[in-house]
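Thank you for letting me take a few minutes of the meeting. I would like to walk you through one structure, beginning with its aromatic rings and moving outwards to the whole chain.

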Amino acid sequence: GLVYLDDGRIPEAPVGQVVAGRVGGGWGSADEQRAGFAALRGQTGCFSWQARGFARESDDLDIPGFAKSQRLLDEEGNPSGAGEARGTLPNSYAKAAGGSVGGAYTVDRGFYGASIDWFDTDYGLPNEPDVHIELERLRVDTRGRWDAPFAGARSIAWAVGYGDYEHTEFEGPEAGTIFEQQAVEGRVEVAHCPWGCWEGAVGLQGAYADLSVTGDEAPADLAAIEVEA
């Protein structure tokens, strides 16, 4: 589903700099992990923007002994571990990449803006040597706030988001089970001025999600699900 979160993808206040940013990277010895990221932000007049991205990749994890525990080897009648993987955990690799671009007009009495966020990953399952997962996610958000819109109200805020998610379980080169979901959520909230010692907000929220699961392991009752709220 979609959940409102102030994650900085849509600037809600002026950045205050023409352009600023940072870059970084890392490396890990246990799985030969390589990672890097970059983040930029800036402001031109009343328009503030941000862009960020990352990528990371790792090979199979180095381990000090067998991939299977001694207890499991004993239960399988192979206490010496003959023929079993040792020193490396098979199919434990992972790689991922993602990023976002967003911007907003920020003015004295609020802001309004939008953002696009994406994420892709591919990783293996160590307990199933021939299985790996490929996941893709795309999210689009628009959000805004207007302060002192009318008498008695401190602000009115709104948010609308759309998410597209796909998760595929591969068994060898063939796609096995596929999970797909599209979801939309909208929210409007009015914060009122204090009533004596009381202050708060009233609002309206709605959501719709369409989930489908197809493939060899798809439960019959999850072939297609629609959710409205």
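Ring pairs join Phe47, Tyr105 and Tyr112 into a cluster, and please keep in mind from the start that we are looking at a predicted model. A pair of aromatic rings is described by how far apart the centres are and by the angle of the planes. In total, the count comes to 3 aromatic pairs. For Phe47 and Tyr105 the ring centres are 5.2 Å apart and the planes meet at 55 degrees, so this pair is called tilted. Phe47 belongs to strand E3, which covers residues 47-58, while Tyr105 belongs to strand E6, so that the pair links distant parts of the chain, 58 residues apart. Are these two rings buried or exposed? The answer lies in between, because Phe47 has a relative accessible area of 29% and Tyr105 has one of 41%, and each residue therefore counts as partly exposed.

Another aromatic pair is made by Phe54 and Phe119, and this one is stacked, with 6.2 Å from centre to centre and 25 degrees between the planes. Since Phe54 sits in strand E3 and Phe119 in strand E7, residues 110-125, the pair ties together parts that are 65 residues apart in sequence. Phe54 is also partly exposed, with a relative accessible area of 27%.

Let us now turn to Thr106, which is found in strand E6, residues 94-107. Thr106 is buried, because its relative accessible area is 7% and the cut-off for buried is under 20%. What does Thr106 touch, if we leave out residues up to four places away in sequence? Its contacts are Pro11, Glu12, Ala13, Pro14, Cys46, Ser48 and Phe111.

Finally, we can step back to the protein as a whole, whose secondary structure comes to 1 helix and 12 strands. Reading along the sequence, we meet four strands, then the helix, and after that eight strands. The radius of gyration is 24 Å, whereas a compact globule of 229 residues would have one near 17 Å, and the C-alpha trace spans about 80 × 45 × 35 Å along its principal axes. Of the 229 residues, 28% count as buried, and the protein exposes about 14000 Å², of which carbon and sulfur atoms supply 58%. As for charge, there are 17 positive and 38 negative side chains, and the centres of these two sets lie 12 Å apart.

Key. Residues are numbered from 1 along each chain as its sequence is written. This is a predicted model: local features need pLDDT of at least 70, side-chain atom pairs count only at pLDDT 80 or more; totals for chains, interfaces and linings use all residues. Side-chain values use heavy atoms; hydrogens and water are left out. Helices (H or I, at least four residues) and strands (E, at least two) are DSSP runs, numbered from the N terminus. The radius of gyration is taken over C-alpha atoms; the globule rule is 2.2 Å times the number of residues to the power 0.38. Buried means under 20% relative accessible area, exposed over 50%, partly exposed in between (1.4 Å probe, protein chains only). Accessible areas come from the Shrake-Rupley method with a 1.4 Å probe; for residues, only the protein chains shown count as cover. Lys and Arg count as positive and Asp and Glu as negative; His and the chain ends are not counted. The place of a charge is taken as NZ of Lys, CZ of Arg, CG of Asp or CD of Glu. Contact means heavy atoms within 4.5 Å. Rings of Phe, Tyr and Trp (its six-membered ring) pair if their centres lie within 6.5 Å; planes under 30 degrees apart count as stacked, over 60 as edge-to-face and the rest as tilted.
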